[in-house]
Amino acid sequence: MSNHTNKNSDSFQKIGCTIPCYKGGQITINLIKELHCYVDLIVLVDDGCPFKTGNLAKDYFKDSDKLHVIHNKFNKGLGFSVKRGFKFLIQKGCEVIVKIDADGQMKPELIPFLIKPIFANKSDAVKGNRFTSIDHIISMPKIRIAGNLILTFLNKLSTGYWELSDPTNGFLAFNRISLEKVRLDKLDDKYFFESDLLFQCSLANIFFEQLPMKSVYGGEISSLNPLKQIIIFSKQHIVNFFKRIIYHYFVLDFNAGSLEIIGFLFFSFSTLITFFKIYFRGLSNNEFATPGEANLISILFLVSIQLLLGILYFDSTYQPLMRQIKRWR
């Protein structure tokens, strides 16, 4: 894939790869060594790594014209480091930009398969997917499976990428033109970066394909606890969910889903108002609800639930379909 890599000019640097690094060490050095076979430019962003991985890489690959090391003065977070790497590779004019983690869980030998749909103009971006095979899933630590399943559903709600089965996967590639449409400066600087990236991609109508893959779990040091992050991420997912609904259904478009949302809000508020009106009347006058009032509340509630299910169905089918249609226009 990379037979042009013997050129030194930036104009020949087609495939770039960024590695955000915190507590990488020798695992990251081995990763960079393998990456030299698959990409034309590597940017390692040392995020205040206590193992001084950036300095180790400079010494080990001092004769390489592919590696560039960027140092954050102190630990700024995963998102900050990835954004810095993305901007560097965009500035260098890389046509395809890959992001891979420093912990060695992703195999560089998969990069040709990861970027193939982009070079074939079949997608704007590609993400790894660890949930395409039972064998891939059972190889994951159980705590990661539980955390990822919950975070995956929250991601689908907040980003609208219902078609992505593994949205928290950090192995991804972008067409440079598509990545330039994403508002990178709006993205979270910490671990919520990958979810925030998908949210911004949905606003830019970025079309993803998925690459089935199996992560390698060994002696890497992870600073992320999936179960702990569920609580931290929930608030941010809720904020992004409401922002996406406003953008997709009332700012950028107005469609049948917009009408269902309005109907859901109307009937939900009507249910609550009717219920509390009858409830407080009963407290003050010691009166029970009449059969007609009870039926009214039940009908309003059932219509609200039906509209909510309709919204979820519409969102999970309409948004992926529109991304495909806009991709091929």
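## A quick tour of strand 1, a pocket and Glu 194

Within the strand pairings of this chain, Ile 15 has Val 96 of strand 4 as its bridge partner. Please keep in mind that this is a predicted model. The chain holds 11 helices and 7 strands, and three parts of it are picked out below after a look at the whole.

**The chain as a whole**

- Of the 329 residues in the chain, 49% are buried.
- Among contacts with a separation of 6 or more, 79% are between residues 24 or more positions apart.
- About 16600 Å² of the chain is exposed, and 61% of that area comes from carbon and sulfur atoms.

**Strand 1 and its neighbours**

- Strand 1 covers residues 15–21, and 7 of its 7 residues are buried, so the strand is mostly covered.
- Ile 15, Cys 17, Ile 19 and Cys 21 point one way from strand 1, while Gly 16, Thr 18 and Pro 20 point the other way. Residues on both sides are buried.
- Strand 4 (residues 96–99) pairs with strand 1 in the parallel sense, over 4 bridges; the pair Ile 15 and Val 96 belongs here.
- Strand 2 (residues 41–46) also runs parallel to strand 1 and is joined to it by 6 bridges. In this pairing, Leu 44 of strand 2 stands opposite Ile 19.

**The second largest pocket**

- This pocket has a volume of about 240 Å³.
- Its lining is made up of 13 residues. Those nearest the centre of the pocket are Phe 241, Phe 242, Ile 245, Ile 261 and Ile 311.
- Three helices each give at least two residues to the lining: helix 9 (226–251), helix 10 (256–285) and helix 11 (291–327).
- Sorted by class, the lining has 12 nonpolar residues and 1 charged residue, with no polar ones.

**Glu 194**

- Glu 194 sits in helix 8, which spans residues 193–203.
- With a relative accessible area of 11%, Glu 194 falls under the 20% cut-off and therefore counts as buried.
- Leaving aside residues up to four places away in sequence, Glu 194 touches Leu 78, Lys 99, Thr 168, Asn 169 and Gly 170.
- One of these contacts leads back to the strands: Lys 99 is touched by Glu 194, and strand 4, the parallel partner of strand 1, comprises residues 96–99.

How values were computed:
Residues numbered from 1 in each chain as written. Predicted model: local features only at pLDDT ≥ 70, side-chain atom pairs only at ≥ 80, totals over all residues. Heavy atoms only, no water. Buried < 20%, exposed > 50% of the residue type's maximum accessible area, 1.4 Å probe, protein only. Contact = heavy atoms within 4.5 Å. Areas by Shrake-Rupley, 256 points an atom, 1.4 Å probe, with all protein chains shown as cover. 1 Å grid on protein atoms, 1.4 Å probe; cavity = no way out; pocket = protein on both sides within 12 Å on 5 of 7 lines; lining within 4 Å. Points joined across faces, edges and corners; volume = space filled by probe spheres on them. Nonpolar A, V, L, I, M, F, W, Y, C, P; charged D, E, K, R; others polar. Pairing = 2+ DSSP bridges.
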